[in-house]
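Trainee: I would like to learn how to read aromatic contacts and a nonpolar core in a structure, going one feature at a time. Could we work through an example together?

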Amino acid sequence: MTTRLSLFNSPLLLGFDQFERTLDRIAKNSAEGYPPYNIEQIGDDGLRITLAVAGFTSDDLSVQIEDNQLVIRGRQSDDKSRVYLHRGIAARQFQRSFVLAEGIEVVGCSLDNGLLNIDLTRPMPEPKVRTIKIEQPKKSAGAAMPRTIDVSADGNGD
């Protein structure tokens with residue numbers, strides 16, 4: 001029996017259960033090795049994911065956003081008319097997933113010389129400050145106001 005230690009079980013961290021599930025998904029997806037990819041910073045608010053998909057055409061590839069996850073799938077169909085004497089480039093299918101932070105948007109996708117480029121933008125959030133009004137408890141008509149009692153050191157109350 002294994003016990004799983006949660007980083008977010010503190011009573012001071014409220015509403016982080018979705019974040020914890022996201023970290024679990026990332027850990028599961030990190031074992032994937034194909035296809036290789038790069039992630040690069042483009043400008044102040046831009047990112048580009050580049051996947052090496054040699055041999056795939058745009059018809060063989062699918063790029064979708066499922067909830068907050070970018071999912072790239074590739075599936076090549078075997079060309080039955082070809083006779084291979086040696087086949088070192090396998091027509092294998094793949095699925096590569098990237099978890100996107102809130103607000104990140106896909107702005108474009110292109111296939112160039114065996115590289116699939118997916119451009120993302122990360123808008124800079126505007127700082128938000130909100131003041132919460134502190135309300136006073138309502139006083140009932142017959143309730144006495146709380147009062148303080150001074151007690152002297154000699155016990156007389158004088």
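Mentor: We will go from the overall chain to its aromatic rings and then to its core. Please keep in mind that this is a predicted model.

Trainee: Which secondary structure elements does the chain contain, and what pattern do they follow along the sequence?

Mentor: The chain has one helix and seven strands, and read along the sequence they follow the pattern α-β-β-β-β-β-β-β. Of its 158 residues, 20% count as buried, and of the contacts with a separation of 6 or more, 49% are between residues 24 or more positions apart.

Trainee: How many aromatic pairs are there, and how should I read the geometry of the one formed by Tyr 34 and Phe 94?

Mentor: The general idea is to look at the distance between ring centres and at the angle between the planes, where over 60 degrees counts as edge-to-face. The structure holds three aromatic pairs; in one of them, Tyr 34 and Phe 94 are 5.9 Å apart centre to centre with 85° between the planes, and the pair is edge-to-face. Because Tyr 34 lies in the loop between helix H1 (17–29) and strand S1 (37–42), while Phe 94 belongs to strand S5 (residues 94–99), this pair ties together parts that are 60 residues apart in sequence. Tyr 34 is partly exposed at 23% relative accessible area, whereas Phe 94, at 7%, counts as buried.

Trainee: What is the geometry of the pair formed by Tyr 37 and Phe 98, and where do its two residues lie?

Mentor: This pair is also edge-to-face, with 5.1 Å centre to centre and 85° between the planes. Tyr 37 lies in strand S1 and Phe 98 in strand S5, so the pair ties together parts that are 61 residues apart in sequence. Tyr 37 is partly exposed, at 37%, and Phe 98 is buried, at 10%.

Trainee: What else surrounds the ring of Tyr 34?

Mentor: Tyr 34 forms one aromatic cluster with Phe 56 and Phe 94, and the charged end of Arg 92 sits over the ring of Tyr 34, 3.8 Å from its centre.

Trainee: Which residues have the most contacts inside the largest nonpolar core?

Mentor: In that core of 15 residues, they are Leu 51, Ile 72 and Ile 118. The elements giving two or more residues to this core are strands S2 (46–52), S4 (69–74), S5 and S7 (115–121). Leaving aside residues up to four places away in sequence, Ile 72 touches, among others, Leu 51, Phe 94, Phe 98 and Ile 118.

Note on methods. Residues are numbered from 1 along each chain as its sequence is written. This is a predicted model: local features need pLDDT of at least 70, side-chain atom pairs count only at pLDDT 80 or more; totals for chains, interfaces and linings use all residues. Side-chain values use heavy atoms; hydrogens and water are left out. Rings of Phe, Tyr and Trp (its six-membered ring) pair if their centres lie within 6.5 Å; planes under 30 degrees apart count as stacked, over 60 as edge-to-face and the rest as tilted. Helices (H or I, at least four residues) and strands (E, at least two) are DSSP runs, numbered from the N terminus. Buried means under 20% relative accessible area, exposed over 50%, partly exposed in between (1.4 Å probe, protein chains only). A charge sits over a ring if NZ of Lys or CZ of Arg is within 6 Å of the ring centre and within 35 degrees of the ring normal. A nonpolar core is a set of buried Ala, Val, Leu, Ile, Met, Phe, Trp, Tyr and Cys residues joined through side-chain atoms within 4.5 Å. Contact means heavy atoms within 4.5 Å.
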